[in-house]
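Below is a short note for a colleague who has the coordinates open. The points are numbered so that each can be checked against the model in turn.

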Amino acid sequence: LQLQHSGRYRCRGRVDTGIFWLWKDSAPVTVTVHGVPLSGVSLWAQPPSGQVALGDCLVLNCLVAMGTGPLSFSWHREGSEAPLGTGPRLELRHVGDNDSGHYQCRVSNGDSVAESVPLNVTIL
């Protein structure tokens, strides 16, 4: 279900009266689809420890346990408001010394916002 499926519904069927067929409508029912707030936002890193050698690649994936979409993602380092990326996956190729720090994923569904616990990334 999506939020736009909320509305009034009824069913219609043909009834055989023995003489002719008659269309009958049920009483309408109201269906309300509620959005589920976001929760359980977490990070998955490759390498898993968040420790990566200078010049190597770091991949971060954002996972959402619960929440209705559509979802939008943004990646942040050290609490910066400027996003590093806007998808569920962030790939840093050829990491340098300045890529060390705490990374986190922020997810929004238009109604609620949730953030992952920061992951400490260390460049070796």
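1. Throughout this note, contact (or touching) means heavy atoms within 4.5 Å. This is a predicted model, in which local features need pLDDT of at least 70 and side-chain atom pairs count only at pLDDT 80 or more, while totals for chains, interfaces and linings use all residues. Residues are numbered from 1 along each chain as its sequence is written, and side-chain values use heavy atoms, with hydrogens and water left out.

2. Asn109 is placed in the loop between strand 10 and strand 11 (113–115), strands being DSSP runs of E of at least two residues, numbered from the N terminus. With a relative accessibility of 12%, Asn109 counts as buried (buried means under 20% relative accessible area, exposed over 50%, partly exposed in between, with a 1.4 Å probe and protein chains only). Not counting residues up to four places away in sequence, Asn109 touches Val36, Leu38, Thr68, Pro70 and Leu71. A polar atom of the Asn109 side chain lies 3.0 Å from the backbone oxygen of Thr68, and one lies 2.8 Å from the backbone nitrogen of Ser112.

3. Arg106, in strand 10, is also worth inspecting, since its relative accessibility of 18% makes it count as buried. Its side chain makes polar contacts with the side chains of Glu115 (2.7 Å) and His76 (3.5 Å); a polar contact is a pair of N or O atoms within 3.5 Å, where within protein one must be able to donate a hydrogen and the other to accept it, and residues adjacent in sequence count only if both atoms are side-chain atoms. Leaving out residues up to four places away in sequence, the residues that Arg106 touches include Ser72, Phe73, Glu81 and Val113.

4. The largest nonpolar core (buried Ala, Val, Leu, Ile, Met, Phe, Trp, Tyr and Cys residues joined through side-chain atoms within 4.5 Å) has 19 residues, of which Leu58, Leu60, Cys62, Cys105 and Val107 touch the most other members. Among the elements that give two or more residues to this core are strand 7 (58–66) and strand 10 (101–108). Beyond its neighbours within four places in sequence, Cys62 is in contact with residues including Val41, Trp75, Cys105 and Val107.

5. Two backbone features deserve a look. Most residues other than glycine have a negative phi, and most peptide bonds are trans. The bond from Gln46 to Pro47, however, is cis, with omega near 5 degrees, and Pro47 sits in the loop between strand 5 and strand 6 (51–52). His94, in the loop between strand 9 and strand 10, has a positive phi near 55 degrees and is exposed, at 66% relative accessible area.

Definitions and conventions. Helices (H or I, at least four residues) and strands (E, at least two) are DSSP runs, numbered from the N terminus.
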